[in-house]
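Subject: Structure for you to look over

Dear colleague,

I am handing over the structure below, and would be glad if you opened it before reading on. My notes on what was found in it follow.

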Amino acid sequence: MTIIVTGGAGFIGSNFIFHMLKVHPGWRIVCLDKLTYAGNISTLAPVMDKPNFRFVRADICDRAAVDSLFAEEKPDIVVNFAAESHVDRSIEDPGIFLQTNILGTQVLMDACRKYGVKRFHQVSTDEVYGDLPLDRPDLLFTEETPIHTSSPYSASKASADLLVMAYHRTYGLPVTVSRCSNNYGPYQFPEKLIPLMIANALNDKPLPVYGEGLNVRDWLYVEDHCRAIDLILRSGKTGEIYNIGGHNEMRNIDIVRLICRELGKSESLITHVTDRKGHDMRYAIDPTKIHTELGWLPETKFADGIVKTIRWYLDNRPWWEEIVSGEYQNYYRKMYGDR
Ligand code: NAD
Ligand code: TDX
């Protein structure tokens, strides 16, 4: 079994590669990644020398590069994690989001058709469903919830999902799609809420909470997401969409307070800043389908996962200090300078 994993030098993709090499030691994993600002080759250092692992630096939008890799590797499965993934960046500059997230997905699917790939799995997001009101806790996103996007990021992910389903219907491409809630865990780029707050707190810097911090996200430990995708690849039905989430809704402000408590830092570091444009209020996944059809359940409780995650950032300071010391400083000034 040969799998091409795109975006495997990023947060979830790298965790997925570690997971798959552990649970399927006989499978060959080929990581295709452009190494954008979010991709970090050092993350993959522990597996780089494994005989059943290969890293290839390439852009999923580059047809020639994708074609020659598929010709060489003849993959059985392709799992597409490669994406521009940060909502705030999509608000500043949407173009690259449309390019990578939509057109890149098309390039990969064309190669899958040409080389007879047995499964193309698209890693999507709950953000394609838009948001839910805070005063209706009974409402959850199911796979039937209409697509209703808010940001250029979520619109690009939803567009890709539509294209994936169109390739299934029109060309019979054997696809699956998963839509997961917010992930947290090791190797997440420190522009995202949880690692950003951990890194800032450790450096005694202000903790920039958008608006009142009352927005709700549904958090899932990254390893649970990886197990769900592995299960969909082995037992999921082609042409199907699976929601992934663990019923773990939390307000942003409560997460930031918890991080302060765990790190022994004062809540006076919390600074309320101008809200995100078009900020989604609440996400909440109904994972009934993946539970009843495939037997998936999350294994890590948030209380344990967040402690493990904070411990990981404490134990792996060089990994994120390297990131926050470089180009990230310009990003941070631009995004938070006069917010
Ligand atoms: P990330 O930003 O950490 O990693 C993205 C990876 O893709 C990086 O390694 C980057 O170098 C690579 N990449 C970007 N453009 C590329 C291109 N044109 N060609 C090849 N490689 C390219 O993202 P993440 O948080 O790991 O998210 C992975 C996927 O999961 C994305 O598709 C995202 O939409 C989805 N997702 C993320 C979350 C979350 O909470 N992080 C939740 C649900 C779904
Ligand atoms: O500095 C911040 N302050 C703040 O209050 C940042 C970066 C975020 N926030 C808020 C905005 C959101 O309500 O925290 C919440 C989480 O923000 P992000 O970490 O940027 O995640 P989100 O916008 O929810 O999107 C994430 O989940 C779905 C991922 O980045 C997406 O890739 C995924 O599809």
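**Around ligand 2**

In Glu-127, a polar atom of the side chain sits 2.6 Å from an oxygen atom of ligand 2. Please keep in mind while reading that this is a predicted model. Arg-217 likewise places a polar side-chain atom 2.7 Å from an oxygen atom of ligand 2, and for Arg-276 the separation between an N or O atom in the side chain and an oxygen atom of the ligand is 2.6 Å. Taken on its own, ligand 2 has 660 Å² of accessible area, of which the protein covers 94%. Two elements, α6 (193-202) and β8 (207-210), give two or more residues each to the shell around this ligand. There are 22 residues around ligand 2, and those that come nearest are Glu-127, Tyr-153, Arg-276, His-279 and Tyr-336.

**Helix α4**

The helix that I looked at in detail is α4, which runs over residues 95-114 and so has 20 residues by the DSSP assignment. From its first C-alpha to its last, α4 reaches 28 Å, close to the 28 Å expected at 1.5 Å a residue, and there is nevertheless a bend of about 30° at Leu-103. The buried residues of α4 include Phe-97, Thr-100, Asn-101 and Ile-102, and also Gly-104, Val-107, Asp-110 and Cys-112.

Which elements do the buried residues of α4 pack against? Their partners among the strands are β1 (2-6), β4 (77-80) and β5 (119-125), while among the helices they are α2 (63-73), α3 (87-92) and α5 (152-171). After α4 comes Gly-116, a residue whose phi is positive, near 65°.

**Two residues with positive phi**

As background to the last two items, most residues other than glycine have a negative phi. Leu-35, although it is not a glycine, has a positive phi of about 55°, and its place is in the loop that lies between β2 (28-33) and β3 (53-57). Tyr-187 is a further residue other than glycine with a positive phi, here near 70°, and it belongs to the loop between β7 (183-184) and α6.

Is Tyr-187 buried or exposed? Its relative accessible area is 17%, and because buried means under 20%, Tyr-187 counts as buried.

With best regards

How values were computed: Residues numbered from 1 in each chain as written. Chains lettered and ligands numbered in written order. Predicted model: local features only at pLDDT ≥ 70, side-chain atom pairs only at ≥ 80, totals over all residues. Heavy atoms only, no water. Helix = DSSP H or I, 4+ residues; strand = E, 2+ residues; numbered from the N terminus. Expected span 1.5 Å × (residues − 1). Bend = angle between axes of the 7 residues up to and from the residue. Buried < 20%, exposed > 50% of the residue type's maximum accessible area, 1.4 Å probe, protein only. Contact = heavy atoms within 4.5 Å. Near = heavy atom within 4 Å. Polar contact = N/O pair within 3.5 Å; in protein donor to acceptor, adjacent residues only side chain to side chain. Areas by Shrake-Rupley, 256 points an atom, 1.4 Å probe, with all protein chains shown as cover.
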